[in-house]
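Take a look at the model below. Then read on about its metal site and its other bound molecule.

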Amino acid sequence: MGGRRALVIVDVQNDFCPGGALPVPEGDRVVPALNAYIEKFQKAGLAVYASRDWHPEKTKHFKAFGGLWPPHCVQNTQGAKFHPDLKLPKDTVILTKGEDPNEDSYSAFHARTKEKKPFAADLKEKGIEHLYVGGLATDYCVRATVLDGLKNGFKATLLMDAIKGVNIKPEDSAEAIQEMERGGADKITFYELRVAGCE
Ligand code: VGL
Ligand code: ZN
């Protein structure tokens with residue numbers, strides 16, 4: 001079991017939390033769980049990535065222009081900011097996606113660093129092979145990120161206590177989790193991470 005590990009926090013932004021423009025039910029509940037993972041990874045000297053949905057005002061992602069969603073995470077708005085209680089370390093690599101008005105860009109593998117480097121390239125440069133993925137939403141951006149990671153040859157572990165889904169259909173998150181597992185992802189909770197001694 002080689003391979004450097006990294007924590008990947010997907011789209012924990014105000015608009016996906018209660019009170020936001022596209023609230024994931026109980027979306028803010030992932031925040032304390034993710035803070036615990038952040039502390040663990042940081043103490044172990046492992047990289048922390050945080051993706052953000054970052055849409056222009058007009059995008060085919062939004063209902064008004066043919067998409068599925070109400071406007072959310074519009075660039076430079078309060079709703080696009082990370083949840084205020086999320087304790088991102090200073091050296092967190094911020095990944096930005098959804099800027100292209102012609103693409104949904106659910107997956108963090110469509111995102112780039114602030115130096116405009118694709119996520120996969122940044123991971124490869126750092127020798128990272130194993131992604132621990134949590135955040136919002138289980139059935140959209142978490143799902144797409146994990147499946148793309150697996151397709152790109154990374155190992156992926158889902159942080160079961162640090163994800164929440166939209167569940168347009170009530171079973172959507174459960175089905176997404178099964179799909180990720182079929183693709184090769186495994187699942188863990190914070191307690192199991194500690195037991196496994198993943199330092
Ligand atoms: C997301 C719906 C629309 C997500 C983003 O972050 O899961 N879901 N845009
Ligand atoms: Zn979006």
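Donors are N, O and S atoms within 2.8 Å of the metal (3.2 Å for Na, K and Ca); water is not among the atoms, so sites may look incomplete. Along the chain, the donors of the zinc ion (ligand 2) follow the spacing D-x1-H-x5-H-x10-H. They are Asp53 (OD), His55 (NE2), His61 (NE2) and His72 (NE2), at 2.1 to 2.2 Å.

Asp53 lies in strand 2 (residues 47-53), and His72 in the loop between strand 2 and strand 3 (93-97), so the pair ties together parts that are 19 residues apart in sequence. Strands (E, at least two residues) are DSSP runs, numbered from the N terminus.

Asp53 counts as buried because its relative accessibility is 2%. His72 is buried too, at 2%. Buried means under 20% relative accessible area (1.4 Å probe, protein chains only).

This is a predicted model: local features need pLDDT of at least 70, side-chain atom pairs count only at pLDDT 80 or more, and totals for chains, interfaces and linings use all residues. Residues are numbered from 1 along each chain, chains are lettered from A and ligands numbered from 1 as written, and side-chain values use heavy atoms, without hydrogens and water.

Now for ligand 1. Its surrounding residues include Phe16, Trp69 and Tyr106, each with a heavy atom within 4 Å of it. Polar contacts are pairs of N or O atoms within 3.5 Å.

| Partner of a ligand 1 oxygen atom | Distance |
|---|---|
| Asp11, side-chain N or O atom | 2.6 Å |
| Ala137, polar backbone atom | 3.0 Å |
| Cys141, polar backbone atom | 3.0 Å |

The protein covers 99% of the 260 Å² of accessible area that ligand 1 has on its own (Shrake-Rupley method, 1.4 Å probe).

Notes
Helix = DSSP H or I, 4+ residues; strand = E, 2+ residues; numbered from the N terminus. Buried < 20%, exposed > 50% of the residue type's maximum accessible area, 1.4 Å probe, protein only. Polar contact = N/O pair within 3.5 Å; in protein donor to acceptor, adjacent residues only side chain to side chain.
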